[in-house]
Structure formats: structure tokens, C-alpha cells
Amino acid sequence: MAVGARSGHDEPEERPDGPADPPAQAQADSGGGGTADGGPGGDGEPGGSGSSPRKQRSFWKELPLLIGIALILALLIKTFLVQAFSIPSDSMQDTLQRGDRVLVDKLTPWFGSTPERGEVVVFHDPGGWLEDQKPAEPNVVQKFLSFIGLMPSAEEKDLIKRVIATGGDTVECKKGGPVKVNGKALNEPYIYPGDSACDDMPFGPIKVPKGRIWVMGDHRQNSLDSRYHQELPGGGTVSNDEVVGRAFTIAWPLNRIDWLGIPGTFDQKGINGMGAVGTAAPVAAGLAGAVPIVLWRRRRLTRPSDAIEGTDLTREG
């Protein structure tokens, strides 16, 4: 009896007009898994043409490697992509509650993105904002979780606030009135119920320097934000370089999962003021100048091809 699979040809296994192939040769020609001595074959079986099968490594031997890879990936994600932060105070109520875990986008700043009005951002202490607050001593588990990015480091002094104005904006708020950005009053539905816009600390008008932001907490009467640090360098504003990233979602607890979008009040027409006009004007002028050049170049490129096509058609005719 032949051992191994057939070769796939239409020839019969036994040829009546010739001597039968030796068993070893028949197996070799048919591509079967047998060996020259007729022993059992097949990949990973004794007697196969390949080397002896490799013994599968124990799960417990591979576990340290898997853990190591997971830690490296976690550190890379924490450094360059996303990091989790815990909310330690009530200054951002009702948007954020004490104990919430938020995920912060750290990737876009690497590509030159700067904070925008309405975003909730995490930033390092610019200096003097948290000097009176001593962080609690973390335990071993907290240190490990902060090391891999699942919790913020206790040694880092970070704050979370909402961006109200960016570089070039003029921001102000009079007692009893709303916050105004470039003369446009903000309708702020995110403010903690019962709070006023700024009655506890009116301010402005203040021109925000380029490369800096003006931030405020949503719980206005319980937030030591830009209003309370105007005597410090920067006049209460925060440098864009101090911003860790934008908090884009509440990830924990499960019943609090939500997206942290930009409120529509920051999209109202005219809020960009003169800064936007100054930016749009060069762009519009550039487009106006580029269109004629592109059209002229397009005509120059298409004319020779039209002539060639016309000649070819004439010859064919």
C-alpha cells in the first residue's frame, strides 16, 4: 500500500506498463510525508524530513516576557499618547466630580496643536498655584500605577481647568455680568448650578499674551484659577508649554463615562475678533494670488498635449 498523499496528477497510482516504483521513490514523487525508510512522516512528527520538533515553551516562562512587553507599551502610551488623571478637587463641578478618572490626549501637542477655547486641559503648576498643597504620600500600588500611566504621579503638581481665552484674546468679567471674550458674552451652561460667572473675583479686561491661555474652573466659587494668580509672572495666564494635554473623556467610574466636548458658546460668530481676521486675510490673499498662477500653469501644460492629440487624430483620419 502506498504511504503519503497523491501527487495531484491524473495518472493512476499503479502503472501496468512498467515496474512499480520502490516504496521510497513512490513516496518522494507523490510529495507525501513519508521518509526514505518508510517511517511515519509529516510536519512536527518523528521521522519527518525536517529537524526534530521544538518543544513549546511553558506559559510561566513566557509570562515575564509578556509582562515586560506590556509595561513597555504602557510607558510609550503614557509618554506620547494618552494618560489617565484623577480629579482631586471640586473645582470643575459639575462637569467633573472628585474621584473621576479622565483620559488626556498627549499626542496632538507633539504635532504643534495648541489649546483651544472651551477645552478642558491638564497643565503643570506654572509656579505658585499649588505651593501650599502637599501631595499625599503614595503607597506601593499607587506608585506602580503612576509608573505605567494608570494614575498620575503624586510628585507632579498638575491642575485641570477649562480654557476660556487663548493668546491674542481679550477676556473680562464684571460683577453681575457674564464672561466676555473679545467683546462676546459667553453663555456658560457648564458652570456649577447656583454659581455666578465671576462675582467672587471680577477681572479684566485682560489681553492674553501670545503662547498663553486664560483658564477657569467650572465651579467658579470654588476654583483658584487664573483670576486668583494675576500677581504672578504671566498675570494669571498659563504657558502653552505647561499644558500636558486635553482631557477628552471621563473613563471612570463606569456610570460617569462621558465625552468632554467643546461647548457651542465658543463657536459663536465674531468671538475670534481681530485675531481671526488678521489670520484669514493673508490666507485669502494667498489663495487669490495662487488661483491665477495655477490656472495659467494648467493651460501651459495642456496646450502641447492638445496639439499632439489633434495631430494624431489627423493622421488617423
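## Burial and the overall chain

A residue counts as buried when its relative accessible area is under 20%. Cys-173 has 0% relative accessibility, so Cys-173 is buried. The model discussed here is a predicted one.

By that criterion, buried residues are 29% of the 317 residues in the chain. The secondary structure consists of four helices and twelve strands. Among contacts with a separation of 6 or more, 70% are between residues 24 or more positions apart. The chain exposes about 20,400 Å², and 58% of this area comes from carbon and sulfur atoms.

## Confidence

The average pLDDT of the chain is 74, and 58% of the residues score at least 70. Residues 1-16 have pLDDT under 50 throughout, and the model gives them ten contacts beyond four places in sequence. A further stretch, residues 18-48, also has pLDDT below 50, with 30 contacts in the model beyond near neighbours in sequence. Where pLDDT is low, predicted coordinates should not be read in detail.

## The disulfide

A search of the whole structure returns one disulfide. The bond joins Cys-173 to Cys-198, with an S to S distance of 2.0 Å. The two cysteines are 25 residues apart and belong to distant parts of the chain: Cys-173 is in strand β5 (residues 170-173), while Cys-198 is in the loop between β7 (184-185) and β8 (203-207). A disulfide is a covalent bond between the sulfur atoms of two cysteines.

The torsion about the S-S bond of Cys-173 and Cys-198 is about -90°, which means that the disulfide is left-handed. Is Cys-198 buried or exposed? Cys-198 has a relative accessible area of 0%, so it is buried. Cys-173 is likewise at 0% relative accessibility and counts as buried.

## Arg-162

Arg-162 lies in strand β4, which covers residues 158-166. Its relative accessibility is 3%, so this arginine counts as buried. What does the side chain of Arg-162 reach at 2.9 Å? The partner is the backbone oxygen of Gly-118.

Beyond its neighbours within four places in sequence, Arg-162 is in contact with residues from several parts of the numbering. Among them are Met-92 and Thr-95, then Gly-118, Glu-119 and Val-120. Other contacts of Arg-162 include Tyr-190, Trp-214, Val-215, Met-216 and Asp-218, as well as Gly-261 and Pro-263. Gly-118 therefore appears in two ways: in the contact list of Arg-162, and as the residue whose backbone oxygen the arginine side chain reaches.

## Backbone geometry

Most residues other than glycine have a negative phi, and most peptide bonds are trans. Several places in this model depart from that pattern, as follows.

The peptide bond from Gln-93 to Asp-94 is cis, with omega near -5°. Asp-94 sits in the loop between β1 (82-86) and β2 (101-105). The bond from Gly-204 to Pro-205 is also cis, with omega near 5°, and Pro-205 is placed in strand β8.

Where is Asn-182 found? Asn-182 is in the loop between β6 (179-181) and β7. Although not a glycine, Asn-182 has a positive phi of about 55°. At 22% relative accessibility, Asn-182 counts as partly exposed, because the limit for buried is under 20%.

Notes:
Residues are numbered from 1 along each chain as its sequence is written. This is a predicted model: local features need pLDDT of at least 70, side-chain atom pairs count only at pLDDT 80 or more; totals for chains, interfaces and linings use all residues. Side-chain values use heavy atoms; hydrogens and water are left out. Buried means under 20% relative accessible area, exposed over 50%, partly exposed in between (1.4 Å probe, protein chains only). Contact means heavy atoms within 4.5 Å. Accessible areas come from the Shrake-Rupley method with a 1.4 Å probe; for residues, only the protein chains shown count as cover. A polar contact is a pair of N or O atoms within 3.5 Å; within protein, one must be able to donate a hydrogen and the other to accept it, and residues adjacent in sequence count only if both atoms are side-chain atoms. pLDDT is the predictor's confidence in each residue, from 0 to 100. A disulfide is a pair of cysteine sulfur atoms within 2.5 Å.
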